[in-house]
There are 8 protein chains.
Amino acid sequence: MNKSAEVAVIMGSDSDLPVMREAVEVLKKFGISYEVKILSAHRSPEETARFAKSARKNGIKVVIAGAGGAAHLAGVVAGFTTLPVIGVPMESASLKGLDSLLSTVQMPAGIPVATVAIGAPGAKNAGILAAQILAVSDEALAEKLKKYKTELAESVSKKNTDLKL
Amino acid sequence: MNKSAEVAVIMGSDSDLPVMREAVEVLKKFGISYEVKILSAHRSPEETARFAKSARKNGIKVVIAGAGGAAHLAGVVAGFTTLPVIGVPMESASLKGLDSLLSTVQMPAGIPVATVAIGAPGAKNAGILAAQILAVSDEALAEKLKKYKTELAESVSKKNTDLKL
Amino acid sequence: MNKSAEVAVIMGSDSDLPVMREAVEVLKKFGISYEVKILSAHRSPEETARFAKSARKNGIKVVIAGAGGAAHLAGVVAGFTTLPVIGVPMESASLKGLDSLLSTVQMPAGIPVATVAIGAPGAKNAGILAAQILAVSDEALAEKLKKYKTELAESVSKKNTDLKL
Amino acid sequence: MNKSAEVAVIMGSDSDLPVMREAVEVLKKFGISYEVKILSAHRSPEETARFAKSARKNGIKVVIAGAGGAAHLAGVVAGFTTLPVIGVPMESASLKGLDSLLSTVQMPAGIPVATVAIGAPGAKNAGILAAQILAVSDEALAEKLKKYKTELAESVSKKNTDLKL
Amino acid sequence: MNKSAEVAVIMGSDSDLPVMREAVEVLKKFGISYEVKILSAHRSPEETARFAKSARKNGIKVVIAGAGGAAHLAGVVAGFTTLPVIGVPMESASLKGLDSLLSTVQMPAGIPVATVAIGAPGAKNAGILAAQILAVSDEALAEKLKKYKTELAESVSKKNTDLKL
Amino acid sequence: MNKSAEVAVIMGSDSDLPVMREAVEVLKKFGISYEVKILSAHRSPEETARFAKSARKNGIKVVIAGAGGAAHLAGVVAGFTTLPVIGVPMESASLKGLDSLLSTVQMPAGIPVATVAIGAPGAKNAGILAAQILAVSDEALAEKLKKYKTELAESVSKKNTDLKL
Amino acid sequence: MNKSAEVAVIMGSDSDLPVMREAVEVLKKFGISYEVKILSAHRSPEETARFAKSARKNGIKVVIAGAGGAAHLAGVVAGFTTLPVIGVPMESASLKGLDSLLSTVQMPAGIPVATVAIGAPGAKNAGILAAQILAVSDEALAEKLKKYKTELAESVSKKNTDLKL
Amino acid sequence: MNKSAEVAVIMGSDSDLPVMREAVEVLKKFGISYEVKILSAHRSPEETARFAKSARKNGIKVVIAGAGGAAHLAGVVAGFTTLPVIGVPMESASLKGLDSLLSTVQMPAGIPVATVAIGAPGAKNAGILAAQILAVSDEALAEKLKKYKTELAESVSKKNTDLKL
C-alpha cells in the first residue's frame with residue numbers, strides 16, 4: 001500500500017477483486033497512483049470509518065468503492081469524507097445487481113455517490129471517471145484521456161474494416 | 001430520552017417520524033420502554049456509530065431502524081452491534097420503497113437485518129417483532145402478545161358480523 | 001427431532017436443505033439446540049398449523065422458515081404463533097427470489113416476519129439473527145456473538161495482508 | 001351466510017370490499033348463489049382453515065379469494081381444499097400489486113391458484129371465471145355466458161358508432 | 001387428436017412441449033381425456049380462432065394454453081370461447097417469464113384467463129386446476145383429487161423421516 | 001370512417017382515446033388520411049380479425065394500435081396482416097404500463113410490432129413513425145418531416161433564450 | 001459498404017453481430033439490399049452522426065440499430081434523421097436486456113424509435129419490419145411477405161402432424 | 001450564458017428546470033460559476049454535439065446533465081468530451097425514473113457517466129458532486145465542503161433536540 005496514492009480502490013470482499021481489477025488496470029494505464037483495500041461497511045466498519053475519515057489528509061483524491069447486494073460501502077465512505085466517491089455496483093447472485101445498483105445510487109440529498117454501471121464495465125468506467133476527475137486540474141492527464149477517446153473511436157472504425165458477414 | 005430504554009427506534013430523517021410512530025405506538029401499548037432518535041448513516045455517521053457501539057451497554061435490547069432510498073441505516077448499525085436490528089424500509093418518492101427494501105434486506109452473510117414490510121405496516125410490525133423478541137424471556141409480555149393475537153382474530157370475526165354488501 | 005430445541009429450522013421442501021443448512025451450521029457453531037423439519041404451507045398445511053400452534057409450549061423460542069416462489073411458510077407460521085419467525089426467501093427458478101422475497105416480507109400489520117436476504121447469505125444470517133435474539137437474555141451467547149464479530153473484522157483485515165494484485 | 005352458496009367470495013380485510021364487490025356483482029348478474037366472508041390467512045388462520053376444510057361439504061363449488069401484499073389467502077385456502085380457488089391480487093399501497101400478484105400466482109407444483117389481474121378488473125374477471133367453471137356442467141349458465149360475450153362485442157361496436165374525434 | 005377430449009392442451013410452439021408435458025402427465029394420471037395442439041396466436045391466428053370458436057361444441061370443457069414472451073395465446077382463445085381458459089406463462093429467454101406472466105394475467109375486465117405459475121410448476125398445476133374444475137360436477141374425480149392431496153401431505157411427512165443433516 | 005384512409009388508428013377501449021388522440025393530431029398535421037376504430041382483441045375478436053385481414057386491400061398502409069395491461073391488440077392484428085403495425089402501450093392502472101409494454105414488444109420471431117413509448121409520448125411518436133414509414137416513398141411528406149425536425153430543434157433553442165433562472 | 005443499400009444494419013459493438021445477423025438473414029431472404037456497420041453512440045459519436053445525417057441522401061430507406069445496456073444508438077440516430085429507425089435491444093449481461101429495452105423504447109415525444117423484442121427474436125423481427133415498411137410501396141415485396149406469412153402458418157400446422165407425446 | 005463558467009447544467013427539456021434548479025442552488029451556495037442550457041440529445045442533437053465538443057476549451061470543468069425516459073443526454077455528451085459528466089435521472093411519468101436511471105447509468109466500458117439518485121435529491125447531489133470534483137484541486141472549496149458536512153450533522157443533531165413524539 002502506498003500512502004501517497006491518488007486513488008483508493010476499495011471493495012467489500014476479495015471476491016470482488018476480479019471485477020474491480022478493471023478499475024486498477026485503467027489507473028495503471030493512465031499512470032495514476034493507487035492503493036487497493038478490502039473494507040466492509042458491515043464486517044469491518046471501524047476500519048472503514050478510519051480509512052474514510054483520513055483519506056483526504058492521506059493524500060487520496062478520489063475513492064472507488066465496489067460492493068454488492070445491500071451495497072453500503074460507497075455510501076458509508078461518502079458519509080465520512082468530502083472526496084468524490086465513485087460507486088461500482090457488483091453483479092449480485094440472485095438479483096443480478098439491481099439491488100447493488102439501487103443501494104449505491106439512491107443516496108439522500110447531501111451525500112452523493114457517483115454511480116457507474118453494474119459489474120465489469122462499471123469497474124472500468126470507475127477508473128476512467130477517476131482519471132477524468134483528476135484531469136480537471138492536470139493537463140497532461142487530460143491529453144491522455146483525449147488520446148484514449150480517439151483510440152476508442154479508431155478501434156470501432158477498424159472493426160468495420162474487419163467485418164465478416 | 002431514556003438511558004434504560006429497552007428498544008431504540010431510530011430513523012434517517014424526521015420526515016420518517018409519521019410512519020415510525022406506528023412502531024412507537026405498539027411499544028407503548030405493550031408497556032415496553034423506548035427511546036427515539038434521528039440518526040443518519042450518511043449525514044451523521046459519527047453519532048450513528050457511537051450510538052450503535054454503545055447501545056448494548058446502555059441497556060438497549062433491540063434496535064428498530066427506518067430509512068428510505070439507499071437505506072443504509074439498519075445495516076450500518078448492525079455492523080457495529082450484536083443486538084438484533086429490525087429494518088423498516090420507508091416508501092421512497094420515486095421507486096415506492098423497492099430501493100429501500102433491497103438496500104435493507106440484501107445484507108451480506110455475517111450481518112443480518114430483520115427486515116419488515118415497506119412503510120407503515122412494516123413500522124407497526126417492527127414494534128410487534130421487538131415485543132416478540134423481548135417476550136422470548138418475558139412470560140408476561142408473551143401473554144400480552146397472545147392476547148393481542150386473539151384480539152386480531154376477533155376483530156376479523158367482528159367485521160364479518162358487520163359486513164354490508 | 002428434539003423436543004427441547006430452542007430453534008426450529010423449517011422449510012417448504014427438502015430441495016431447500018442445501019441452502020438452509022447454512023442456518024443450521026451457525027446454530028451448531030453457537031451451541032444452540034435446534035430441530036429441522038420439512039413443512040409445507042400448501043402441501044402439509046395441517047401439520048404446519050399443528051407445529052406452529054404448539055411451538056412455544058414445546059420450548060421453541062425462535063422459528064426459521066425457508067420457502068420459495070409464493071413463499072407463504074413463514075407468514076403462515078407467524079399467523080399461528082407469537083414467537084419471532086425469521087423468513088428466508090429461497091432463490092426461485094424463474095424470478096430469482098424476487099417472488100420469494102416479496103411473499104415473505106410484505107406481511108400485513110399485525111403479523112411480522114423478520115425477513116433476511118435471498119438464498120444462502122440469508123440462511124446464514126437467519127442463524128445469526130436467531131442467536132442475537134436468544135442473546136438478548138443470554139450473556140454467554142452475547143459474548144460469543146461479540147467474538148464472532150471481531151473474527152469477521154479480522155478476517156477482512158487478513159485479506160488485505162494477503163492481497164495479490 | 002348461506003350454507004347452500006355455490007361460490008364463496010373471501011378477502012383478507014374489509015378494506016378489500018370495494019374491489020371484491022366487482023366479483024359479487026357478476027355473480028348476482030348470472031344468478032349464482034354466493035357468500036361473502038372476511039378471512040385472514042394471518043390474523044384469523046384458524047377460522048380460515050376451518051372454512052377451507054369444510055367448504056366442499058358445505059356445498060361450495062368455487063372459492064374466490066382477494067388479498068394484497070404478501071397475499072397468502074388464496075394459496076392457504078388452496079392448501080386445505082380440492083375446490084378450484086381463484087386468487088385476486090389486490091393493488092397494494094407501495095408496490096402497486098406486484099407483490100400481491102407474485103404471492104398469489106407463483107404457487108408450487110401440486111397446489112394451483114387460478115390467478116386473475118390485479119385489482120378491480122381481476123375481481124370482475126374472478127366472478128366471470130367462477131361462472132365459466134360452473135357452466136362446464138350447467139347449460140343454462142353457459143348460454144348466459146355466451147349472451148354476455150355477445151353483449152361485450154356489441155358494446156365495443158356501439159362505441160365506434162358514438163366515436164367523437 | 002381426439003374429438004371427445006375433455007381438456008385441450010395448446011401451446012405457441014413445439015419448444016414449449018417439454019414444459020407443457022407436465023400438464024399432460026397430470027391429466028393422464030387422473031384419467032382425463034385430452035388433446036394436444038400447437039397453435040400460435042401470431043403465426044397461425046386463423047387456425048387458433050377456428051379451434052377456440054368450436055372448442056365447446058367439440059366437447060372440450062377446459063383449455064390449457066402455454067405461451068411465452070408477449071404471451072397472447074391464452075387471452076386470444078379466451079376472447080373466442082366461454083370455456084375456462086388456464087394460462088401457463090413460459091419462462092422466456094431474457095426476462096425469465098415476467099413478460100409471459102404479465103401478458104397472460106393482466107386481462108381486461110370481461111375476459112378472464114386463469115393464470116398459474118411460470119414454467120413447469122405452473123404447467124403441472126394447470127393440469128390439477130383442470131381436474132379441479134371438472135371435479136365440480138364429477139364426484140369420482142373429486143375423490144381422486146382428495147386422495148392426491150393426502151399423498152402430497154404424506155410425501156412431505158416421509159421426507160422428514162428420511163431427513164439426513 | 002374513410003375507406004381510403006392510409007393509417008388506421010385502433011385502440012382497445014374508448015378510454016384510450018384521450019391518449020391516442022395524440023397520434024391523430026400528428027396525422028392531421030402531416031395531412032395523412034386516417035380512420036379511428038375501437039377494436040378489442042378480447043371483447044370483439046371477430047371484428048378485429050376482419051379488420052386486420054382486410055386492412056391492406058382496403059388501402060390502409062400502416063396500423064397504429066393502442067392497448068393496455070395484457071395488451072394483445074397490436075400483436076393480434078400483426079398476426080393477420082403484413083402491414084407495419086405500430087404498438088402504443090397504454091399506461092395501466094396498477095403496473096403503470098410495464099405490463100402493456102412487455103405484452104406489446106416481446107413478440108415472437110416472425111411477427112414484429114413496432115413498439116413506441118408508454119402513454120402520450122408514445123402515441124404522438126406513433127403518428128410520427130407512421131409518417132416516416134409513408135415518407136419512404138413520398139418525397140413531399142419527407143420534406144414535411146424534415147421541416148418538423150428543424151422546428152423541434154428551434155423550439156429547444158428558443159427555450160434557452162427564454163430561460164429564467 | 002454499398003452506397004445504394006436500402007437498409008442499414010448498425011450495431012454498437014461487433015459482439016452484437018451474432019444476434020444482429022438474424023436481421024441480415026431476413027433481408028437477404030427477401031432480396032433487400034443492405035449494409036452493415038459498427039457504430040457506437042458513445043465511442044464513435046462523430047462517425048455515427050455523419051452516418052445518420054447522410055443516410056437518407058445515400059439512398060437508405062430504413063435503419064436497424066442494435067445496442068445494449070444504456071442503449072442510445074437507435075435514439076441518437078433517430079435524432080439526426082427522418083428515416084424510420086428500428087431499435088433492437090440487446091440482451092445485456094446483468095439486467096438481461098431490461099435496461100436495453102427501456103433505453104430504446106422510452107423516447108420523448110418527437111423522435112420515435114420502432115422498438116422490437118429483446119435479443120435474437122427482435123433482430124429477426126427488425127428485418128421483417130424493415131421489409132414491411134418497404135413493402136408499403138412495393139407490391140412484389142408485399143407478395144413475398146404474404147407468402148412468408150402463409151409459410152409460418154403451415155410450419156405450425158406441420159408441427160401438429162409431427163407431434164410426438 | 002457565461003463563457004468562463006466552471007460547471008454547465010444542461011437538461012433535455014425546460015420542464016426539468018424545477019428539479020435541476022436544486023443543482024444550481026448548490027453551485028450558487030458554494031460560489032461556483034455555472035451556465036444553464038436546454039439541450040436535447042434527440043431534438044437538438046447538433047447543438048448538443050457542438051456544446052459537448054467545445055465544453056473543455058470553453059473552460060467548463062464539469063457537466064451536469066438531467067434527462068428522463070430514454071435518458072440519453074448525459075451519455076451522448078460523455079461520448080463527445082473527456083470532462084466528468086454527472087447524470088441526473090428525472091422521475092418519468094409512467095415508470096417513475098427506473099427507465100431514466102437505467103438509461104443513464106448502464107454505460108458501456110469506455111464512456112462513464114457519474115450517475116446520482118432519481119429526481120430532486122439527485123439534482124442536489126449533482127451540485128455537491130461537482131463541488132467535490134472541483135475541490136480536488138481547490139483547498140478553499142474543500143474547506144467549504146467540510147463545513148457543509150459539519151452543518152449536515154449538526155442539523156440532524158438539532159432535530160433530535162426538537163423531537164416531539
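Apart from its neighbours within four places in sequence, Leu152(D) makes contact with Gly110(E), Ile111(E) and Arg43(F). The model discussed here is a predicted one, and this residue offers a convenient way into it. Leu152(D) belongs to helix H6 of chain D, which covers residues 139–162. With a relative accessibility of 12%, Leu152(D) counts as buried, because the cut-off for that class is under 20%. A long separation in sequence can also be followed from here: Glu46(D) is 106 residues away from Leu152(D) along the chain, and the C-alpha atoms of the two are separated by 41 Å.

A second residue of chain D, Gln132(D), can be described in a similar manner. Gln132(D) sits in helix H5, residues 120–135 of chain D. The relative accessible area of Gln132(D) is 5%, so this residue too is buried. With neighbours within four places in sequence left aside, the contacts of Gln132(D) include Leu145(D) in its own chain. On chain E, Gln132(D) is in contact with Thr81(E), Thr82(E), Leu83(E), Pro84(E) and Pro112(E).

Helix H3 of chain D, residues 73–80, extends the theme of burial from single residues to an element. Eight of its eight residues are buried, so H3(D) is largely enclosed by the rest of the structure. The buried residues run from Leu73(D), Ala74(D) and Gly75(D) through Val76(D) and Val77(D) to Ala78(D), Gly79(D) and Phe80(D).

Attention now turns to the arrangement of the chains. A turn of 90 degrees, with a shift of 0.0 Å along the axis, lays chain C on chain E with an RMSD of 0.0 Å. This is the relation of a four-fold axis. Some pairs of chains have no contact: chain B and chain E do not touch, and their nearest C-alpha atoms lie 17 Å apart. Chain A and chain F do not touch either, with 17 Å between their nearest C-alpha atoms.

Several chains also come together around open space. The second largest pocket holds about 1,100 Å³. Its lining consists of 39 residues, and those nearest its centre are Leu98(C), Leu98(D), Leu98(E), Leu98(F) and Leu98(G). Helix H4 (98–105) gives two or more residues to this lining in each of chains A, C, D, E, F, G and H. By residue class, the lining of the second largest pocket divides into 23 nonpolar, eight polar and eight charged residues.

Notes. Residues are numbered from 1 along each chain as its sequence is written. Chains are lettered from A and ligands numbered from 1 in the order in which they are written. This is a predicted model: local features need pLDDT of at least 70, side-chain atom pairs count only at pLDDT 80 or more; totals for chains, interfaces and linings use all residues. Side-chain values use heavy atoms; hydrogens and water are left out. Helices (H or I, at least four residues) and strands (E, at least two) are DSSP runs, numbered from the N terminus. Buried means under 20% relative accessible area, exposed over 50%, partly exposed in between (1.4 Å probe, protein chains only). Contact means heavy atoms within 4.5 Å. Copies are superposed by least squares on the C-alpha atoms of residues with pLDDT of at least 70 in both. On a 1 Å grid over the protein atoms alone, a cavity is a set of points where a 1.4 Å probe fits but cannot get out, and a pocket is an open set with protein on both sides within 12 Å along at least five of seven lines; lining residues have an atom within 4 Å of a point. Grid points are joined across faces, edges and corners, and a volume is the space filled by probe spheres set on the points. Ala, Val, Leu, Ile, Met, Phe, Trp, Tyr, Cys and Pro count as nonpolar, Asp, Glu, Lys and Arg as charged, and the others, Gly among them, as polar.
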